[in-house]
Every structure is written in C-alpha cells, then in structure tokens.
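Colleague: Before I use this model, I would like to go through the labels attached to it and hear the grounds for each.

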Amino acid sequence: MIGAKLFGKTWQVVSEALKVRLMRHEVIAANIANVDTPGYRRKDIPFEKVMATYLKGSPPLKTTNPRHIKPGLAPDGGIPLVEEEPPVEGTPNNVSLEQEMAKLSENNLMYQATIQALMKEIELLREAITEGGKK
C-alpha cells in the first residue's frame, strides 16, 4: 500500500481499523437481515481483539476471498474473523433487532471517528508541506 510507505504507522493503523470496521458493519447487517431466520446464530467481529493482534505485529486480517467472511480462525491461526454465539433457548435464534441496530450505530460512529483521525493526519501532512517551506 502506497499510503503505508509514505505516511508511516499511523496511516497503517487507521487503514486497518477502517477495514475491520467495514467488515464488522457487513456482519452486523447480516445479523439484522436474518433476525427472523430460525436457527440463525448471531455473528460479530471482535474489533478490539483484531486490532490488538494487529498492533502486536501479527499480520492483518486475511480471508480466502474478500467477498466471503467465514466463521473460524484466521488463516494464520490467529483470532476468529467472525465469532458465532449459541442460540438462545426458546427463541428462533439469538438475534435481537434492537441490540443489532445499537451495535450498527456504534460501529458507524466509530467508523466516522476513524475517518476523522485519518483526515486529521492528512491535514497535518498538508500543513507540514505547505507551511514548512515558508520562512
């Protein structure tokens, strides 16, 4: 990635956080779409675990196909890409529409905050470039 080479570690971390937030959004949206599906198990991507692993120097998330997110361990044997939760007794599945909508809103807010951090990084670089030559 060109941005990672030009802008350093902050750019890499923010970029990875955006990828994980986007993947989590897709998983939560699938939970909402399957709210009435009997036997469906709620899924989630553990954002904090994924980012902690990334920051420790482990490779970023990898999937066999970018359009397929499968439950189980990451290809490198790391943390699960998607965690499934067991069904709740006496209900068709374990998905609560209210909880999923709240998680979707929270994830969206965090995505927007991450975008703001990226914009701030670009703003600082632009200022360094334009103001750095003025003396």
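Colleague: What makes valine 20 count as buried?

Modeller: Buried means under 20% relative accessible area, and valine 20 has 0%, so the label applies. Valine 20 is found in helix α2. This is a predicted model, and the value is computed from its coordinates.

Colleague: What is the distance between valine 20 and glutamate 48?

Modeller: Their C-alpha atoms are 9.8 Å apart, with the two positions 28 residues apart in sequence numbering.

Colleague: Which residues make up the largest nonpolar core?

Modeller: There are 10: Ala17, Val20, Met23, Val27, Ile45, Phe47, Val50, Met51, Tyr54 and Val82. The elements giving two or more residues to this core are α2 (9–33) and α3 (47–55).

Colleague: Why is this set called a nonpolar core?

Modeller: Because a nonpolar core requires buried residues of types such as Ala, Val, Ile, Met, Phe and Tyr, joined through side-chain atoms within 4.5 Å. The 10 residues form such a set.

Colleague: Which residues of α3 are buried, and why are they said to lie on the same side?

Modeller: In α3 the buried residues include Phe47, Val50, Met51 and Tyr54. They cover an arc of only 90° around the axis, and therefore sit on the same side of α3. Part of what covers the buried residues of α3 is α2. After α3 comes glycine 57, with a positive phi near 105°.

Colleague: Why is lysine 43 called buried?

Modeller: Its relative accessibility is 19%, and the cut-off is under 20%, so lysine 43 counts as buried. Lysine 43 is in strand β1 (residues 43–44).

Colleague: What does the side chain of lysine 43 reach?

Modeller: It reaches the backbone oxygen of arginine 41 at 3.3 Å. A polar contact takes a pair of N or O atoms within 3.5 Å, so the 3.3 Å pair meets that limit. As for a partner further along the chain, valine 95 is 52 residues from lysine 43 in sequence and 9.0 Å from it, C-alpha to C-alpha.

Colleague: Where is asparagine 93, and what makes it buried?

Modeller: Asparagine 93 is in the loop between β3 (80–84) and α4 (97–132). Its relative accessible area is 4%, and under 20% means buried, so asparagine 93 is buried.

Colleague: Which backbone oxygens are paired with the side chain of asparagine 93?

Modeller: The side chain reaches the backbone oxygen of threonine 37 at 2.9 Å. The backbone oxygen of asparagine 34 lies 3.2 Å from a polar atom of that side chain. The limit for a polar contact is 3.5 Å, so both distances are within it.

Colleague: Threonine 114 and glutamine 112: buried or partly exposed?

Modeller: Threonine 114 has 12% relative accessibility and therefore counts as buried. Glutamine 112 has a relative accessible area of 40%; partly exposed lies between the 20% and 50% cut-offs, so glutamine 112 is partly exposed. Threonine 114 is found in helix α4, and glutamine 112 lies in helix α4.

Colleague: What is threonine 114 in contact with, leaving aside its neighbours within four places in sequence?

Modeller: Val14, Ala17 and Leu18. Contact means heavy atoms within 4.5 Å. For glutamine 112, the C-alpha distance to leucine 18 is 9.2 Å, across 94 residues of sequence.

Colleague: Why is lysine 9 called partly exposed?

Modeller: Because its relative accessibility is 48%, and exposed needs over 50%. Lysine 9 lies in helix α2.

Colleague: What is the secondary structure of the chain, and how much of the chain counts as buried?

Modeller: The chain has four helices and three strands, in the pattern α-α-β-α-β-β-α. Of its 135 residues, 30% count as buried.

Colleague: Where does pLDDT stay under 50?

Modeller: Over residues 69–77, for which the model has 20 contacts beyond four places in sequence. Where pLDDT is low, the predicted coordinates should not be read in detail. The chain averages a pLDDT of 78, and 69% of the residues score at least 70.

Note on methods. Residues are numbered from 1 along each chain as its sequence is written. This is a predicted model: local features need pLDDT of at least 70, side-chain atom pairs count only at pLDDT 80 or more; totals for chains, interfaces and linings use all residues. Side-chain values use heavy atoms; hydrogens and water are left out. Buried means under 20% relative accessible area, exposed over 50%, partly exposed in between (1.4 Å probe, protein chains only). pLDDT is the predictor's confidence in each residue, from 0 to 100. The arc is that of the directions from the helix axis to the C-beta atoms. A polar contact is a pair of N or O atoms within 3.5 Å; within protein, one must be able to donate a hydrogen and the other to accept it, and residues adjacent in sequence count only if both atoms are side-chain atoms.
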